[in-house]
Amino acid sequence: MTARNLKAGEFLNSIIGSMSTGVIAVNQNGCVTHFNQAASLMLGIPTGQATGKKYREIIPPGEPIDANALRAAETGKAVESIEKRLKLADGTQLIVSVSTAILRDAAGRRRICAVRRSQLE
C-alpha cells in the first residue's frame, strides 16, 4: 500500500469515526471490520468488542430480520431506509433506520457498509 493510499484510508477512517450516524462494515465472511463510535453509543457495544467479531455474535437481530449488513453480505442485495426494531442487551427497545451499501475491495471481494440512524433522535 502506498503512502498516499494509507493517508487516504486514515482520512476516511477519521470521517467515519466522527459521524453521528452509526456505521458498521462487514466483510463477506460476516465479520465486523468497522464499527464507529456512534454505532457503539447507539447499540451499547464497545467499539473494541465489535471489530473482528462475527456480526451475529454482537448485533441483535431485530425486526425485520433482513434489514442488516450481514444479510446484505449474504445476498448481495442492499436495503435503503428500512425501519428496524432492535432489543438491546439491557432490554431497551431501539428503532433505527437501516441502509446498506454493497462495496467491493480491490480484489473484488464483497464488503458491506450498514448505516443506522436512531429514530428517537
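The following legends describe an overview and several close-up views of a predicted model of one protein chain.

**Figure 1. Overall fold of the chain, with five helices and five strands.** Read along the sequence, these elements follow the order α-β-β-α-α-α-α-β-β-β. The C-alpha trace spans about 45 × 30 × 25 Å along its principal axes. The radius of gyration of the chain is 14 Å, which agrees with the value near 14 Å that a compact globule of 121 residues would have. Of the 121 residues, 36% count as buried. Among contacts between residues at least 6 apart in sequence, 36% join residues at least 24 apart.

**Figure 2. Surface and charges of the chain.** The accessible surface comes to about 7,200 Å². Carbon and sulfur atoms account for 54% of this accessible surface. The chain carries 16 positive and 10 negative charges. The mean position of the positive charges and that of the negative charges are 6 Å apart.

**Figure 3. Close-up of the salt bridge between E83 and R85.** Side chains of opposite charge can pair when their charged atoms come close. In this pair, the closest N and O atoms of E83 and R85 are 3.9 Å apart. The pair qualifies as a salt bridge because the cut-off is 4 Å between a side-chain nitrogen of Lys or Arg and a carboxyl oxygen of Asp or Glu. A search of the whole structure finds one salt bridge. R85 has a relative accessible area of 44% and is therefore partly exposed.

**Figure 4. Close-up of I45 in the loop between helix 2 and helix 3.** Helix 2 covers residues 37–43, and helix 3 covers residues 47–50. Is I45 buried or exposed? I45 has a relative accessible area of 9%, so this residue is buried. Not counting residues up to four places away in sequence, I45 touches F35, S40, A50, I58 and I59. V98 stands 53 residues from I45 along the chain, and the C-alpha atoms of the two residues are separated by 17 Å.

**Figure 5. Close-up of S40 in helix 2.** S40 counts as buried because its relative accessibility is 10%, and the limit for buried residues is under 20%. Which residues are in contact with S40, leaving aside its neighbours within four places in sequence? They are F35, I45, P46 and T47. The contact with I45 links this view to the preceding one, where S40 is listed among the residues that I45 touches.

**Figure 6. Close-up of N68 in the loop between helix 4 and helix 5.** Helix 4 consists of residues 55–58. N68 counts as buried, with a relative accessibility of 7%. Leaving aside neighbours within four places in sequence, N68 is in contact with Y55, K84, T100 and R116. How far apart in space are N68 and A114, C-alpha to C-alpha? The distance is 6.9 Å, although N68 and A114 are 46 residues apart in sequence.

**Figure 7. Close-up of S81 in the loop between helix 5 and strand 3.** Helix 5 covers residues 69–75, and strand 3 covers residues 82–87. The phi angle of S81 is near 50 degrees. This is a positive value in a residue other than glycine.

How values were computed:
Residues are numbered from 1 along each chain as its sequence is written. This is a predicted model: local features need pLDDT of at least 70, side-chain atom pairs count only at pLDDT 80 or more; totals for chains, interfaces and linings use all residues. Side-chain values use heavy atoms; hydrogens and water are left out. Buried means under 20% relative accessible area, exposed over 50%, partly exposed in between (1.4 Å probe, protein chains only). Helices (H or I, at least four residues) and strands (E, at least two) are DSSP runs, numbered from the N terminus. The radius of gyration is taken over C-alpha atoms; the globule rule is 2.2 Å times the number of residues to the power 0.38. Contact means heavy atoms within 4.5 Å. Accessible areas come from the Shrake-Rupley method with a 1.4 Å probe; for residues, only the protein chains shown count as cover. Lys and Arg count as positive and Asp and Glu as negative; His and the chain ends are not counted. The place of a charge is taken as NZ of Lys, CZ of Arg, CG of Asp or CD of Glu.
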